[in-house]
Amino acid sequence: MNKKLVAALSGGAALVLALTGCSDDSNKKLNDWAKSFCDPAGAQFKKIQDANSAMQTADNDSSDSKKVQQTDSAAFQKISGAYASLAKSLEKAGPPPTDQGKQAQQNAVKELNSLSKGYANLQKQVDGLDTKDKLKFADGLRDLSSGINKLNKQSEAAFKNLEAGDVGKAMAAQKGCQNPAASGAPAPTQTKKS
């Protein structure tokens with residue numbers, strides 16, 4: 001049951017980490033903007049990846065519901081904090097220097113803050129699950145999956161407009177916005193735009 005939960009989460013993190021595009025853009029202002037966002041964002045993307053890995057490890061190593069609950073709760077807390085930090089980094093970076101940059105940035109900040117609240121809510125839900133009854137606990141984790149799937153769609157939407165065209169290319173060129181996933185983790189989907 002928890003594997004589905006982790007797979008759903010990992011998919012959303014991979015979408016965030018993909019920050020798609022080619023990396024041959026020479027627009028200095030755009031590259032400077034991407035660097036101002038991606039440099040601090042890299043640590044947050046890594047926190048999301050690490051939280052996903054911790055949940056997967058807990059599920060593989062233990063059938064102890066209490067341990068899985070504690071690990072998932074801590075992971076949701078880290079993911080919530082990471083999305084809040086990403087929103088702050090994006091606010092601090094300001095809008096990308098493009099025609100639709102301000103609107104795309106504002107929408108992405110709003111979605112990232114919403115994601116942070118969503119994962120904080122998942123943490124409360126997992127904390128409230130009954131760990132004494134393994135079947136009830138497994139059912140509870142399964143019920144959380146739909147919430148995670150919804151958050152994954154939000155995660156994709158948060159960056160979709162922001163990453164359009166040259167902005168996506170500039171972001172993809174920055175180390176902080178590249179996927180730090182270790183081997184065995186799901187690879188991000190790459191969409192070629194050039």
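Hi everyone, let me start with Tyr 83, which is buried at 1% relative accessibility. Keep in mind that we are looking at a predicted model.

Tyr 83 has a partner, Tyr 119, and that residue is buried too, with a relative accessible area of 1%. The two rings form a stacked aromatic pair, with 5.7 Å from centre to centre and 20 degrees between the planes. Stacked here means planes under 30 degrees apart, so the 20 degrees of Tyr 83 and Tyr 119 qualify.

Where do Tyr 83 and Tyr 119 lie? Tyr 83 sits in helix H3, residues 65-93, while Tyr 119 belongs to helix H4, residues 101-127. The pair therefore ties together parts that are 36 residues apart in sequence. There is also a third member to mention: Phe 76 joins Tyr 83 and Tyr 119 in one aromatic cluster.

Now, how many aromatic pairs does the structure hold? The count is 3. One of them is Trp 33 with Phe 37: the ring centres are 6.2 Å apart and the planes meet at 15 degrees, so this pair is stacked as well.

The setting of that pair is a single helix, H2, which covers residues 28-61. Trp 33 and Phe 37 are 4 residues apart there, so about one helical turn separates them.

And are these two buried or exposed? Trp 33 is buried, at a relative accessible area of 5%. Phe 37 is buried too, at 0% relative accessibility.

So, to recap, we have a stacked pair within helix H2, and a stacked pair that links helix H3 with helix H4. Thanks for listening!

Definitions and conventions. Residues numbered from 1 in each chain as written. Predicted model: local features only at pLDDT ≥ 70, side-chain atom pairs only at ≥ 80, totals over all residues. Heavy atoms only, no water. Phe/Tyr/Trp six-rings, centres within 6.5 Å; stacked < 30°, edge-to-face > 60°. Helix = DSSP H or I, 4+ residues; strand = E, 2+ residues; numbered from the N terminus. Buried < 20%, exposed > 50% of the residue type's maximum accessible area, 1.4 Å probe, protein only.
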